[in-house]
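Please consult the sequence and the three-dimensional structure shown here while reading this briefing. The points are grouped by topic.

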Amino acid sequence: MKYTKTTEQRLQQLEDKQSILELKYRYLNACDEKQPEVVTNCFISGEVDINFGHIGQFNRREDFVAVFKDLGCHDHIVDMHHAQNPVFLELTNNTAKTKINLRFQSINTKDKLHVQLGGYYLDEFEKQRDGQWLISKSAFIINSVSMSDFSGEYSKVVYSGNCMPD
């Protein structure tokens, strides 16, 4: 097998992939741990393209984080983002595209609602001058939803499907 890339180029590519995955995991952990400042710093400053469907579309990271704080940064909201099966769709010296599956669970202890989502992120990343990778574009596509009400004696499924209910 003949490689066209040098050992240094291949090593840099591996390091870049690892840095991108660590950035994505840092973002998801910050969401679960209710750390809006960390979430903010995972995205490039200036114009971004964030499309999280029913949550909204945003072109500034600060606008997205304001909605994140309003919806998720409460003691009665318990979230878990579990990323899996990352695929690099494209990787250059300064840009990358990925598809990363997500299993998401949210428990709202105030409203007694449990939501479980399955789907995937289509993300784009930019390498900054200091070598740090940041998210420049992110879309989340839902492919399964299950919602349960646990306010009564027994938990009751109130919705299941392949998209969020209207």
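The briefing below moves from the overall architecture to the long helix H1, the strands, the aromatic rings and one aspartate.

This is a predicted model. The protein contains 3 helices and 7 strands, and 34% of its 166 residues count as buried. Helix H1 covers residues 7-32, and an aromatic pair ties this helix to strand E5.

**Overall architecture**

- Read from the N terminus, the order of elements is α-α-β-β-α-β-β-β-β-β.
- The C-alpha trace spans about 65 × 35 × 25 Å along its principal axes.
- Where residues at least 6 apart in sequence are in contact, 49% of those contacts join residues at least 24 apart.

**Helix H1**

- H1 has 26 residues, which at 1.5 Å a residue should span 38 Å; the C-alpha atoms at its ends are 38 Å apart, in agreement with that expectation.
- The buried residues of H1 are Asp16, Ile20, Leu21, Leu23, Lys24, Tyr27, Leu28, Ala30, Cys31 and Asp32.
- The cover over these buried residues includes helix H2 (36-40) and helix H3 (61-72), together with E3, E4, E5 and strand E6 (133-149).
- Lysine 34, just after H1, adopts a positive phi of about 55°.

**Strands E3, E4 and E5**

- Strand E3 (residues 77-91) and strand E4 (residues 95-108) run antiparallel and are joined by 12 bridges.
- A hairpin is formed by E3 and E4, with 3 residues between them.
- Two positions illustrate the pairing with E4: valine 87 stands opposite lysine 99, and alanine 83 has leucine 102 as its bridge partner.
- E4 is also antiparallel to E5, to which it is joined by 14 bridges; glutamine 105 has glutamine 116 in E5 as its bridge partner.
- The hairpin of E4 and E5 has 4 residues between the strands, and lysine 112 in the turn has a positive phi of about 60°.
- The covered face of E4 consists of Ala96, Thr98, Ile100, Leu102, Phe104, Ser106 and Asn108.
- The uncovered face of E4 consists of Thr95, Lys97, Lys99, Asn101, Arg103, Gln105 and Ile107.

**Aromatic rings and the lysines over them**

- A search of the whole structure finds 7 aromatic pairs.
- Tyrosine 27 and tyrosine 121 form an edge-to-face pair, because their ring centres are 6.5 Å apart and their planes stand at 85°.
- Tyrosine 27 belongs to helix H1 and tyrosine 121 to strand E5, so this pair ties together parts that are 94 residues apart in sequence.
- Both tyrosine 27 and tyrosine 121 are buried.
- Phenylalanine 52 also forms an edge-to-face pair with tyrosine 121, at 5.9 Å centre to centre and with 75° between the planes.
- This pair links distant parts of the chain, 69 residues apart: phenylalanine 52 sits in the loop between strand E1 (47-51) and strand E2 (57-60), whereas tyrosine 121 is in strand E5.
- Phenylalanine 52 is buried, as is tyrosine 121.
- Ring pairs connect Tyr27, Phe43, Phe52, Phe58, Phe64, Tyr121 and Phe140 into a cluster.
- Lysine 24 lies over the face of tyrosine 121, at 3.4 Å from the ring centre.
- Lysine 99 lies over the face of tyrosine 120, at 4.5 Å from the ring centre.

**Aspartate 123**

- Is aspartate 123 buried or exposed? Aspartate 123 has a relative accessible area of 1%, under the 20% cut-off, and therefore counts as buried.
- Aspartate 123 lies in strand E5 (residues 113-127).
- A polar contact of 2.6 Å joins the side chain of aspartate 123 to the side chain of serine 138.
- Leaving aside residues up to four places away in sequence, aspartate 123 touches Lys24, Ala96, Lys97, Thr98, Lys137, Ser138 and Ala139.
- Among these contacts, Lys24 is one of the buried residues of H1, and Ala96 and Thr98 belong to the covered face of E4.
- Lys97, which aspartate 123 also touches, belongs to the uncovered face of E4.

Methods. Residues are numbered from 1 along each chain as its sequence is written. This is a predicted model: local features need pLDDT of at least 70, side-chain atom pairs count only at pLDDT 80 or more; totals for chains, interfaces and linings use all residues. Side-chain values use heavy atoms; hydrogens and water are left out. Buried means under 20% relative accessible area, exposed over 50%, partly exposed in between (1.4 Å probe, protein chains only). A polar contact is a pair of N or O atoms within 3.5 Å; within protein, one must be able to donate a hydrogen and the other to accept it, and residues adjacent in sequence count only if both atoms are side-chain atoms. Contact means heavy atoms within 4.5 Å. Two strands pair if DSSP finds at least two bridges between them. Rings of Phe, Tyr and Trp (its six-membered ring) pair if their centres lie within 6.5 Å; planes under 30 degrees apart count as stacked, over 60 as edge-to-face and the rest as tilted. A charge sits over a ring if NZ of Lys or CZ of Arg is within 6 Å of the ring centre and within 35 degrees of the ring normal. The expected span of a helix is 1.5 Å times one less than its number of residues.
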